[in-house]
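User: I am new to this structure and would like a close look at a single part of it, with enough of the surroundings to place that part. Please take the open sheet and then work outwards from there.

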Amino acid sequence: MDYKLVKQYYCPMRCEGDKTYDSPGDCPVCNMHLVPVGEQKQMESPDFQNPNTPLYHDHHQDERHLHAQQTGKYYCPMRCEGDKTYDSPGDCPVCGMHLNKEESIRPSGVIYTCPMHPEVKSDKPGSCPKCGMTLVPEKRVETSDEERAYKKMAKKFWIAVAFSVPVFIIATSGLFPFLHLNAIISQKGLNWIEFVLATPVVFYSGWQFFIRGWSSIRRRSPNMWTLISIGVGVAFLFSLFGLLFPELFPAQFKDAQGNVHLYFEASAVILTLVLLGQVMELKAHSKTNSAIRGLLNLIPPVARIIRNGEEQEIPLEEVQVGDILRVKPGEKIPVDGTITEGTAIIDESMISGEPMPVDKSKGDKTTGGTINGKTVFEMKAEKVGNDTLLARIIEMVNEASRSRAPIQKLADVVAKYFVQIIIAISLITFAIWAFWGPQPAFVYAFVNAVSVLIIACPCALGLATPMSIMVGTGRGAQSGILVKDARAMEEMNKVDTLIIDKTGTITEGKPSLNGFKSFGTLTDEEILMLAASIDINSEHPLAEAIVKGSKEKNIGLTKLDDFESITGKGVQALYKGGKIGLGNLRLLEDFQASLSDDKKKVVEEWQLSGQTVMFLLLDHSVEGIIGVTDKIKATSAKAIKALQKLGIKVIMFTGDNETTAKAVAGELHLDEFKADCLPDDKYKKIKELQGQGHIVAMAGDGINDAPALAQANIGIAMGTGTDIAMQSAEITLVKGDLNGIARAKELSSAVMRNIKQNLFFAFFYNVLGVPIAAGLLYPFFGILLSPMIAATAMSFSSVSVISNALRLRKK
């Protein structure tokens, strides 16, 4: 085959993503001039337009892939501008901190290659044109933005080290007589060597800090870079003027030979130590988002789709709702869906936090990102892209990481005035030492004033809360606990009362038919037939159990007219011209029906055994009863005991009858319960408890729980419930059992404890460090703090806060 070179062009603004054009010109969207991306070899053959025909490697593909990687949302870890995000990587324009990338699901960008001929590349599956082998997905080792920033900063750090070490040796040579440097070269010559060595450190390795400092001054938002740039800048300029114009300085600044005492080594070493702190900080930062990146790694790049009975491999982003997918042993499930053929044992630990694999069969739901066991099954795709549970988990973690906790307000107030206070203390320090310090007073004044500027660290205060929130929410996501925002994380720690529903929260939420009995002329089977006939139109879980039970007993149904659901009571319809109903005791009042003592006794016996009893009514009489049981979850008793140990009062609200509710409450040793509840009762009870000063959490899983979830201090949605319940809640439990609430409480306590530790470190460090730098210990112990030691302390203060936050990953 012949090949031709095809020149391609792209818009530098990426208005249409990675779209390229075949001819030069202007972008049709923004009118910017198109830029050539290089030469790409394509096959000139009849198969040229065939999408399955592999293309030879585009040498600029990696460049575009890198841009695609960098495209996304970035935010400042200090939250300087609230929830504001940026479109490209870099530094925060307010505080100068390196921007964090908000991890999200993005197109896989999968490239296929030939195992035998790696130069063959294609963006679609197919066969190698050279040997005919099937192309396989190429494994890319992607470098994160944090990793690139870390490598760039590390490079500058090592260059700074290479120049700073000799500067430091020259400046301190007087302490090591064996070096005999003054015998080789004069002090003035050594001063010039120090200047030459320190200049690359200031104007290359550390220049970005001066840019950040100037930006903070220009924006009138002083920060740590303001202090560092002023401190180091003054020391360097003082030394430069002292080197060039020594005659302008008073005698107390000079040595016996008339040379001014210079601080080039302080400038170089301080910047080197700040760089070391930044390198360590960036390395630690890369770990804070490890939870989200771990979740992103669960997403497979490709899926196996069944089309016309044949299996094809397609990129994940091409999967559509309704597609039938095949999942093989050991593979990750690509999207959310339902098993249509086969069985599976699926490891869901990475989503739910539960270590035991789950058995699945036809009709069961599957979650994207979970791992199939040793079977092959087919599934129908129901949620794809950003609609999958995994995508929603990642989005919730991102939102929580960007939010601000109420406890952060104190640090924000302090940080707002911190830099101005430090500059004022520095000026006061200079004045005190200049007027009352020992000789040479101005030298002491200058050194101590610079030390005050260098040692202060508002950065540690700003990072104390967001770092803990970021790591804590990520750790929670790995355990199946999704926290909407930082406020919820803080508030959960204060919860003292928990209101829970019975069905689906304490119980399995999968009721089954247990019994049916006639009280009149109808047979037992006719009672079940009529009950199932009216419930066939209801979406209530109990109705589903009755209909399923009648089918299992091969009992046919009859058609009823004018079906109506009565909230909190039951359902009713028309049967042979009369009114028929199925529901609880409240429905008896609507039908003006009553129970005899004998019938009440039977009902109570059923209820004491844990059954939910419903009454079948015809006109004004109770014709029979239906008993449904909902098994208590195996984890409920242990979880409730754990919650009570954590100091939480557990109250059960249920629409079930008093007798059944009392039996369940007694078995689980609940603190309180309320039976025969309407949806509005939960809302009213929460308001009542809040009025008494309680911090109330509410756990629910249904649409009718949404008002109560919204009213509660903390709404907790069980992951087995509806989307509306999840939208109304502050915390969502993927697994959907009460153990998750206990874990959420423990996680919240650990995060808040960690935040308080960080705030203590930050406040204690600054309260202790600034007075020492100002020379407070000198009159008592003769101790002064070198600006270089101050820089070391400042660099490690932020690192200590981040390192402490990272301990939450092991919680």
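Analyst: What follows begins with the chain as a whole, turns to the open sheet, and then moves to other parts of the chain.

The model is a predicted one, and every value below is computed from it. The chain has 27 helices and 31 strands, and of its 811 residues 51% count as buried. Among contacts between residues at least 6 apart in sequence, 66% join residues at least 24 apart. The chain exposes about 37,500 Å², of which carbon and sulfur atoms supply 57%.

The part to look at closely is an open sheet of seven strands, which follow one another in the order E19-E31-E30-E29-E20-E27-E28, with mixed pairing. At the edges stand strand E19 (481-483) and strand E28 (672-674), and because each has a single partner strand, one side of each is left without a neighbour in the sheet. Neighbouring strands of this sheet are turned against each other by 20° on average, with direction ignored.

Within the sheet, strand E20 (residues 497-501) and strand E27 (residues 649-653) run parallel and are joined by five bridges. One position to find on screen is Thr 497, which stands opposite Lys 649 in E27. As a general point for reading such a sheet, side chains in a regular strand alternate between its two faces.

A helix also belongs to this picture. Helix H25 (residues 738-774) lies across E19, E20, strand E29 (696-700), strand E30 (714-718) and strand E31 (731-733), and it runs at about 55° to E19.

Lys 494 and Glu 490 form a salt bridge, with the closest N and O atoms 3.8 Å apart. The two partners differ in their exposure: Lys 494 has a relative accessible area of 44% and is therefore partly exposed, whereas Glu 490, at 7% relative accessibility, lies under the 20% limit and so counts as buried.

Moving outwards, another salt bridge joins the side chains of Lys 569 and Asp 590, at 3.3 Å from N to O. This pair links distant parts of the chain, since Lys 569 is in the loop between strand E22 (561-566) and E23 while Asp 590 is in helix H18 (residues 585-590), 21 residues apart. Lys 569 is partly exposed, with a relative accessible area of 25%, and Asp 590, at 34% relative accessibility, counts as partly exposed as well.

Strand E23 (residues 570-575) holds Gln 572, which counts as buried at 15% relative accessibility. Leaving aside neighbours within four places in sequence, Gln 572 is in contact with several residues, among them Ile 534, Asp 562, Phe 563, Ile 580 and Phe 591.

Elsewhere in the chain, strand E18 (residues 377-383) pairs with strand E12 (residues 324-327) in the antiparallel sense over four bridges, and Arg 326 stands opposite Glu 378 in E18. Strand E13 (residues 336-341) also pairs with E18 in the antiparallel sense, over five bridges, and here Ile 339 stands opposite Met 379 in E18.

Arg 326 and Glu 378 also belong to a network of salt bridges that links Arg 304, Glu 311, Glu 313, Arg 326, Lys 328, Glu 331 and Glu 378. Within this set, Arg 304 forms a salt bridge with Glu 313, the closest N and O atoms being 3.9 Å apart, and Glu 313 counts as partly exposed at 25% relative accessibility. In general, side chains of opposite charge can pair when their charged atoms come close. The structure holds 14 salt bridges.

Helix H8 (residues 290-296) includes Leu 296, which is buried with a relative accessible area of 15%. The C-alpha atoms of Leu 296 and Gly 369 are separated by 8.6 Å, although the two residues are 73 residues apart along the chain.

The last stop is on the surface, where Trp 192, Leu 237, Phe 241, Leu 244, Phe 245 and Leu 248 make a nonpolar patch of about 590 Å². Helix H6 (residues 224-244) supplies the largest share of this patch, three residues. Phe 241 is placed in helix H6 and is partly exposed, with a relative accessible area of 42%.

Terms used: Residues are numbered from 1 along each chain as its sequence is written. This is a predicted model: local features need pLDDT of at least 70, side-chain atom pairs count only at pLDDT 80 or more; totals for chains, interfaces and linings use all residues. Side-chain values use heavy atoms; hydrogens and water are left out. Patches are made of residues with over 30% relative accessible area and no salt bridge: like charges are joined within 9 Å, nonpolar side chains (Val, Leu, Ile, Met, Phe, Trp, Tyr) within 5 Å. Accessible areas come from the Shrake-Rupley method with a 1.4 Å probe; for residues, only the protein chains shown count as cover. A salt bridge is a side-chain nitrogen of Lys or Arg within 4 Å of a carboxyl oxygen of Asp or Glu. Helices (H or I, at least four residues) and strands (E, at least two) are DSSP runs, numbered from the N terminus. Buried means under 20% relative accessible area, exposed over 50%, partly exposed in between (1.4 Å probe, protein chains only). Two strands pair if DSSP finds at least two bridges between them. Axes are lines fitted to C-alpha atoms, for helices over the stretch in contact, and angles run from 0 to 180 degrees between N-to-C directions. Contact means heavy atoms within 4.5 Å.
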